[in-house]
Amino acid sequence: MSTPKIRPGAGPAPETPVRGETLPFEQLLADLSAGFVNLPPARVDGAITDALRRIVALLDVDRSNLVGIDPQTGDAYVTHTWSAAGLPAVVLRPISTAFPWAMGRIRAGAPVVAPRLADLPAEAAADAATWRRVGVRSNLTVPMSVGGQIVGAIDHRFALRRPAL
């Protein structure tokens, strides 16, 4: 089975796999999960970055970031990132003030789905301005939780090097 590419407006979803057949994304998640079992602590950061690289390649997005949330302060930080060739590197830094609307949604356990920045609500104006400034066209951020507590998020982005949607 060929690897499906998930693109906004790309048309119908790939066919449903035959019973017992694994979708490429499911296989990637299984591979990544298995790869972290018994991983020495000194190799975790590199493995996370490699996992983001593999996600970017499979989903055919421009960038994926891992965001951690400090449980005491609620501040959010980009902790790991991977970008497609030709895109500038993301600085690992605090991001709460740059994305107040998005981080509010993430802390509440809700995803941030922005296929087009123009479709964001008015209360997301600061977030949209930041995304435009750094060349983002669309964004999907999914919260991550452990034991019912939001501990971070993973985001996937399309940047300006992509054709208009």
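**A helix pair and an antiparallel sheet**

In α1, the residues Pro24, Phe25, Leu28, Asp31, Leu32 and Phe36 meet Val44, Ala47, Ile48, Ala51, Arg54, Ile55, Leu58 and Leu59 of α2, contact meaning heavy atoms within 4.5 Å. The residues of this contact divide into twelve nonpolar, no polar and two charged; Ala, Val, Leu, Ile, Met, Phe, Trp, Tyr, Cys and Pro count as nonpolar, Asp, Glu, Lys and Arg as charged, and the others, Gly among them, as polar.

The model is predicted: local features need pLDDT of at least 70 and side-chain atom pairs count only at pLDDT 80 or more, while totals for chains, interfaces and linings use all residues. Residues are numbered from 1 along each chain as its sequence is written, and side-chain values use heavy atoms, with hydrogens and water left out.

The axes of α1 (residues 24-36) and α2 (residues 44-59) come within 11 Å and cross at roughly 175 degrees. Axes are lines fitted to C-alpha atoms, for helices over the stretch in contact, with angles from 0 to 180 degrees between N-to-C directions. The crossing therefore makes α1 roughly antiparallel to α2 (over 145 degrees). Helices (H or I, at least four residues) and strands (E, at least two) are DSSP runs, numbered from the N terminus.

An open sheet of five strands follows the order β2-β1-β5-β4-β3, with antiparallel pairing; two strands pair if DSSP finds at least two bridges between them. Because β2 (76-83) and β3 (112-114) stand at the edges, each with a single partner strand, one side of each is left without a neighbour in the sheet. The twist averages 20 degrees from one strand to the next.

Within the sheet, six bridges join β1 (residues 63-69) to β5 (residues 149-159), and Leu66 stands opposite Ile154 in β5. Helix α2 lies across β1, β2 and β5, running at about 60 degrees to β2.

Key: Angles under 35 degrees count as roughly parallel, over 145 as roughly antiparallel, 65 to 115 as roughly perpendicular and the rest as oblique.
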